[in-house]
Structures are given as C-alpha cells and as structure tokens.
2 protein chains.
Amino acid sequence: MFNREIYIERRRQLRDQVSGGLILILGNSDSPMNYKDNTYHFRQDSNFLYFFGLDFQNLAGLIDVDSGEEMLFGDDFSMDDIIWMGPQESMQTKAARVGIKKALAYQKLFSQVGEAVKRGRKIHFTPPYRADNQLVLLELTGIAPSHQKAAASLELIQAIVSLRSVKDAGEIEELQKAAAAGYQMHVAAMKMAMPGTWEQKIAGTIEGISLANGNPPSFPIILSQNGETLHNHDHSNVLEKGRLLLVDAGAQTSMHYASDFTRTSPVGGQFSQQQREIYEIVLQANNLATELAKPGASYLSIHLEAAKVIASGMKALGLMKGDVDEAVQAGAHALFMPHGLGHMMGLDVHDMEDLGQIYVGYDEEIRPVSQFGTAALRLGRKLQPGFVITNEPGIYFIPALIDQWKSEKTNHEFINFDRLEAYRTFGGIRLEDDLLITETACELIGERIPITPEEVESTMK
Amino acid sequence: MFNREIYIERRRQLRDQVSGGLILILGNSDSPMNYKDNTYHFRQDSNFLYFFGLDFQNLAGLIDVDSGEEMLFGDDFSMDDIIWMGPQESMQTKAARVGIKKALAYQKLFSQVGEAVKRGRKIHFTPPYRADNQLVLLELTGIAPSHQKAAASLELIQAIVSLRSVKDAGEIEELQKAAAAGYQMHVAAMKMAMPGTWEQKIAGTIEGISLANGNPPSFPIILSQNGETLHNHDHSNVLEKGRLLLVDAGAQTSMHYASDFTRTSPVGGQFSQQQREIYEIVLQANNLATELAKPGASYLSIHLEAAKVIASGMKALGLMKGDVDEAVQAGAHALFMPHGLGHMMGLDVHDMEDLGQIYVGYDEEIRPVSQFGTAALRLGRKLQPGFVITNEPGIYFIPALIDQWKSEKTNHEFINFDRLEAYRTFGGIRLEDDLLITETACELIGERIPITPEEVESTMK
C-alpha cells in the first residue's frame, strides 16, 4: 500500500472532477470456483485499489462530493472468522491507513445510498463487470443488471481515466517490479521450449514464477505453438521441432501493477530461414514503434506505421503485393495482424478496460476506426508523459482467416494467396515490450527480455 | 474426458432417480478478475462435468425425465472467436462426444425452459453458487437470486449425492493422479521450509507444480507458520527458526479430480521437543482414524475417537485434565481442534459442497451436531465402499480462542489454561491423508507423503 497521503490526494482530485452527488466505488468479493467457499485468488477492483488502497474482500467506498465526506463500508471479523482466517485489523484501523475517518458496517451502505436515492441525489458508479456486484448495485439503486452499464456515470469514468492514465513515481516503481518478474517468466519459458515438452508444463512453471513473486500473472498466460491464435489459453500440445512457441505473459506485483510481454522462440533453439525472415519484420515494427512513441504522437498513427512495416516486409517476401500505403489503407495487412499495436497498462493489464475502451483509448480528437484489424486497437489517442503502454506488433498465419479472405477475394489485389500455402503451419510471431512515455520520448520498462534472433538463440542454449 | 458410455449411463441413472419434469444443469462461465475479459482459470461446474463431461464455457444441459430427451445448449464459434481463441469442434461434435444427439444454440435454453415453466412442469436445478448463474436462473425461472437456494430441487440433490458419493474405477485413477501431484507439492514445500524464506515464495512454487501438472490447486493453498489459523491464505510472513510450517494443499487433474493433503514441518528441519510431543498426538489420531475407517462405521464416531486421542494426549502433557470421555462429550477438545475430522472428496475437494453439507455428509440416521467444533464436521454419515474422504486431525493454539474460553471459563474443568501460556506462539499442526473406503477397510490414495517426524526431518535434510 502507498502512503495514506497518496490516497487522500487522489480522492480529492476525483471529487474536484465530479460536479456533485455521491461517488460509489464497490470493492470486489471472493469469486467461487466450484462452490461458494472454494474461491479463486482474490483480486480487488482496480478503481477501489487506486482510491481506497485496501486489498480486502467485501468493502465499499463512498465519497460525498458536495460535503466532502468519505466513508468506508465493511465488517469487522468475528471469532469464527479469526479461527478460520486469522486475526485482522479493525475496519477503523484499515480505514485510517488510507486516510478515512468514518468506517461503517457493510449493511449501512444500503441505508446511506438508499436515502440519497430517495432524495434524488446522483449516484456515480462505474460499469460493473462482476455479476455479484451487479446484484449489489441492483439492491442499492434499483437498476436492473442489464441496464447498469448504460447507467454508469460518464463524469466519473472520465475523471478516473484522467487520473489513472498518468502514472506517478510510486506506480512506475511497481511497474518495474512487475517487469522484472515478467523477465524471469519469459527467460524460463524460452529455456523450456524444447521438442517433446508439454505446453502446459511451461505455462504452469512460469505461472508459478509469478506466484512465487507475490501474485498470479496479470492475465491468463497465452502460450502455444499455435501462436496464430491470438489469445490461446489451450496449452494441450506437445512442442514439435520446427514450430515456434509464442508466449504472452506478465506478472502482477503485490500491489497489483502489471507487466505484459510477448516473445516467440523457435522450438529447439534455432530459427529456420523462413521463421527468421518473418521474425525480423515483426522486430522491425516493434523497434519503429518504440522510436515513434512520444508525447503528442497518436498511437493510431504509430499503429499504422507499424502496419506499413509489416506490409512492406511481407511484400519483400512476395506474400503481399501492390502499393504498401494503399494496402494498409485498405486494411490488407490485417490478414497477418488482425489486432492493435497496444493498450494502456497499469493496475490492469488492459488498463481501465472495465471503464470502456472508448473512454480510455480514444478522445474527441481521435475516434475508433471500424476497419477489421484496426478496430481491435485499444489505444488510439495522443500519448502523454506518464502514460504506460504496450508495443506488440505481430504476424500470424491463421488458416481459417486466410481461407475466408481467399474465397471471398478480400483484398486480393494486395495478397498473394498462393504463396501463403507454404506458411499454413507457421503459427504466429508477436514481440511485445512495455513503454513509459517520458517528457520527450519513451523508455522501456524493465530490462529488455532477449529479443533479437541471436539473443533468443543464445538464451536457449 | 471419460468414454461417452459413462456419461450416458450416469444420466440414465439420474433420470431413474428423479420422478418427473426437467433436470437443468448449468455449466459455468468465465469469472472476471479485474474486468470482463480478464478471467480466472476456467473451472467447469462439477455436476456438469459429472453428467455432461464437457470442459467448456457457456453450456447448459437439460434432461427431460418424462420423455428421456437430452439436450445440450451452447454456441458454435464465429470467425472472431477462431482468431482470438482458436478453432473448436462444433457443438454437434462436442455433444456427440458425451452421447447427446441434440445440440442447440444457448439462447434456445430460454424458450425450452420458458415453455416448460408455462406448462407448469417442474424444473429441477441445484443451488447456484455463482452470481452469473443466479442471473441466468432468474431469467429462466423468474425466481429471485435470494430465493433460489431454497427453490433448488431436493430430489435432484439427493439423486446426485447418491451417484457422486461412490467413485468408480476411472475416478479413482484420476484421484490417484491428483495425489501424485499433491505429493510433489508437499515434498517441495518441506524442502523449502527454511528460516528466512518468504511463505508466498513456497506457496507460489507449489502452486506452479500443480499448474505444471495440468491445473491449479484444488483449493487455495493454506500455508503459514501461523498454522493455528485453519484456512490461512495470508502468505506474507518470513519463516522463523523455531516455528512450524503448516501446508494444506492439493492438486486438480486435467479432469478436475482433487487431492487434499496437510503436512506440518519444523522450520529449519528439526522438531523441538515441545513440537514433537504435540505432533505425535496428531499423528496418533490420524493413524487411528485410518484404522477405523471402513464400511458401516460412521465418520462422526471416528471423529469422536480422534478427539479422544487428542484429549488423552493433551491430558498426558498436562494441558487438559479430568475424564477424557467426559471432556470430549463436553467438547473441550475443540479448543485445540475446532474443526471436523474430514470430508468427502472427488471432483470437488469438499465434494458436492454446492449441494449442501447436510445432504452430502449426513442422512436420516446421523444428524449434524451443533456443539462447537463437531459442528464443523462436514461428514458424519456411515461410510460405504467407494467413498473417498479426508482424514485430517489437528491441534492448534489459537490465542484469541484461548483467551475467550479462559475469560468465559468455558470447559475450565477440562483445560489447564495456565499451562497454555507456553504454547501461545506454537501455531498449529494438522496431518491429512486421503482415504478410499474399500469393501472391508480403507486404503490411502497415493503414496503416503512423509509423515513421521523422522521421515519429515529426513526429507528436509
């Protein structure tokens, strides 16, 4: 937890940006696996962590914008709780740790909010993403779960985005710790990428590294020799010589700051000529994006520059054809990179995704693009100092998508479909780093994980 | 997945035990961590796994008891799903794998059930334990989440309990695999239990072992030098010489069968005299319970025999006094063992706990006991061949509970409170094995993890 002054100041700034009414921030509860008391690792809500700092179940925070009063709701432990879960600080003490004077029993939340609703006061809440909190919101506000997202407060969302988008020194330190754990995970995975190894064994081992560092990975590990599946959580294959192992994984620190890296290694330790050719294109796109990422540059424009590197490289290999700028304009590169260049990162690996991509990644100046591929870009807006983002270009050969485009003649003026036959079992390559935007440019967060073909091969020796 | 004939037969037996109407078994969905698309490891509902076998999100099974018709609801993958999550078999093929002919789109579930409700047919469902399934049930049946548990079908619950309580050969094989992974986890933890080691480092490492074997642990790992907290998920301490490390952990196989073992090791590798004295009592209780566990014996009676071993041992050390039988009758031993001797185990580590402990662990003959300590016994009924159960006696020194009993003079005729002062920082010891009830006795599942003080010390060398 940070110093209490940090939380007091964050809440003050939040109050300043919301015009009136009550700000309600619901903490998370335990999520059941296969019965109520068998729960997943507790993950606190990130907005709650940011403004109230307490990493415990069943809490809620309420800020009265008009009076400035701040309240924390939660229950003290009973003797039974102590026997099963150990002694805990009182709610009063926990509240004081984050600079809140008024701690109340959880049940009081219902009367406090209920009374405000009756008096017609505005209740600002964020879009709920867990069904249990939807049930709490239903009870608090009377709004049906299916309408809650639309009823969330735009004013509150925009205020939170403006605060959380810019990371302070303490947050950057946490992000560096997360990067260090991510480094360990990736190097371990590279060394294990040998023929005959079960993917799940590698995934489990590197998840263990993250856990031994303090917390589960920041997102479910993507790890597969079928790297052409963008979010492949199926780790059931046994690695085969001649394939590529794509690993997209990151850690969470004890304070829940994230890292998010992708590396792609040749199973067995040596890139083939075909693999190396594609790999170098992706690496070039990654390096260019890092070069271009600076305050004032829109990430949409950098995404498109990376797309041009890919289209140009694929053209040089004879897999694409025609004018590179026109091909990217038409979205032809998206056959090979059907996702965006990157996203915000912080307390969430896709930072603030619960609040809505449109508010986090876009603004009035830069609007989302609906074209296939670029439509999946989570961050398009102009970069600012203190933004933390990922840079993750990729090239994939997705048989089902290639077949669809080929049969529908999609962008056939830019694609040499016949040449793609030789790549049907290639898989995919993605190379991802985490960037901090500085006053004038950007810097990598953490030591760079081996990334050149030579570095990767040497790590695997 | 087992052979399709297994699932066909299980559903046939289930139909036979329910008098009429529709049996609805909802599968689970992904559970969000910090936003909707950042999800925990998917855990399918165990009843769904048992009767429908398919380990995928967003499915539901419906059995018409009267017509014998069986339906599976779920959606085929779109191109977007394939790009992000990989190609999958069609719903029709998945259904056929578990012997179901009729696969329908998920949305059809609502019309099918809705029509049956309109016609006044009984819809049998189990008590929901996830809020998202509560919302589905609300939409399907109109029953409010707060009333759904009470509205669950007793007939269905009892039918499921009668089937799932007795494990077949295939299930026992899976349980043995889970035990083998659990063995590895515990031996690794023992070897790491050295002064200066962060508890979380050990917990994360052994969780990684479970994951590398195929799945997350069967329950959140309990690991602490404060072993007196029964379900201690706080792994924030650094191990100190002279303390005991209690580890309660087990694995889940790829098919989600569980293991559940507890061992307690001396930090640094050598038991003190005081530790060894208490340890030997717990071990004696564990060994006696294994000896007594056989068909026809009630687990309540075995729990009480284990309690007598503890009371008798504590009396020999001068920590308890008076008549041992009377002390156990009065529940005085529960100051040291405030939990039950064990529980059913299978697809769930507390098997079928979602259905209700009263139906799983008790019957008309053996009813739950309300006395503190024994009230926490999850399994009291007579054992039958094929039951799989845990045997987990323990002795704990819980400062807050000791202080409460002392000040309230609870069972003061059986407790030497003054002598307990020397044990305030002792922590706790629990020793847990998994047992399969055979035709005449019981056998341990898996190779026994080192358990005698000598075995433990030698493992830690």
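Which residues point one way from β14(A), and which point the other way? In this predicted model, Asp433(A), Leu435(A) and Ile437(A) point one way from the strand, whereas Asp434(A) and Leu436(A) point the other way, and all of them are buried.

## Strand β14 of chain A and its partners

Strand β14(A) spans residues 433-437, and because 5 of its 5 residues are buried, the strand is largely enclosed by the rest of the structure. On one side of the pairing scheme stands strand β11 of chain A (residues 388-391), which is joined to β14(A) by 4 bridges and runs antiparallel to it; within this pair, Ile389(A) has Leu435(A) as its bridge partner.

Strand β15 of chain A (residues 442-444) also runs antiparallel to β14(A), with 3 bridges between the two, and here Leu436(A) stands opposite Glu443(A). The connection from β14(A) to β15(A) is a hairpin that passes through 4 residues.

## Strand β1 of chain B

In chain B, β1 is likewise mostly covered, with 5 of its 5 residues buried. Leu22(B), Leu24(B) and Leu26(B) point one way from this strand, while Ile23(B) and Ile25(B) point the other way.

Two strands of chain B pair with β1(B). Strand β4(B), residues 60-64, runs antiparallel to β1(B) and is joined to it by 5 bridges, with Ile63(B) as the bridge partner of Ile23(B). Strand β7(B), residues 123-124, runs parallel to β1(B) and shares 2 bridges with it, and in that pair Ile123(B) is the residue opposite Leu22(B).

## Helix α6 of chain B

Helix α6(B) is largely enclosed by the rest of the structure, because 8 of its 11 residues are buried. The buried residues are Ala131(B), Asn133(B), Gln134(B), Leu135(B), Val136(B), Leu137(B), Leu140(B) and Thr141(B), so named here in the sense of under 20% relative accessible area.

The packing around these buried residues involves both chains: chain A contributes α6 (131-141) and α7 (145-151), while chain B contributes β1, α5 (108-118) and α7 (145-151). After α6(B) comes Gly142(B), which has a positive phi near 80 degrees.

## Cavities

The structure contains 9 cavities of 30 Å³ or more, and the largest of these has a volume of about 330 Å³. Its lining comprises 26 residues, and those nearest the centre of the cavity are Tyr40(A), His41(A), Glu207(A), His41(B) and Glu207(B). By class, the lining of this largest cavity divides into 16 nonpolar, 7 polar and 3 charged residues.

The second largest cavity holds about 150 Å³ of space and is lined by 14 residues, of which Leu26(B), Thr126(B), Pro127(B), Pro128(B) and Asn133(B) lie nearest its centre. Both β1 (22-26) and α6 (131-141) of chain B supply at least two residues of this lining, and the largest share, 3 residues, comes from β1(B). The lining of the second largest cavity has 8 nonpolar, 4 polar and 2 charged residues. Leu26(B), which is among the residues nearest the centre of this cavity, is also one of the buried residues of β1(B), and Asn133(B), likewise among those nearest the centre, is one of the buried residues of α6(B).

## Annotation from the record

An unreviewed UniProt entry places the feature "domain: Aminopeptidase P N-terminal" at residues 2-134 of chain A. Over residues 2-134 of chain A, the model is 38% helix and 19% strand, and the end C-alpha atoms lie 29 Å apart.

Notes: Residues numbered from 1 in each chain as written. Chains lettered and ligands numbered in written order. Predicted model: local features only at pLDDT ≥ 70, side-chain atom pairs only at ≥ 80, totals over all residues. Heavy atoms only, no water. 1 Å grid on protein atoms, 1.4 Å probe; cavity = no way out; pocket = protein on both sides within 12 Å on 5 of 7 lines; lining within 4 Å. Points joined across faces, edges and corners; volume = space filled by probe spheres on them. Nonpolar A, V, L, I, M, F, W, Y, C, P; charged D, E, K, R; others polar. Buried < 20%, exposed > 50% of the residue type's maximum accessible area, 1.4 Å probe, protein only. Contact = heavy atoms within 4.5 Å. UniProt positions renumbered as here; feature names shortened; annotations may be inferred. Pairing = 2+ DSSP bridges.
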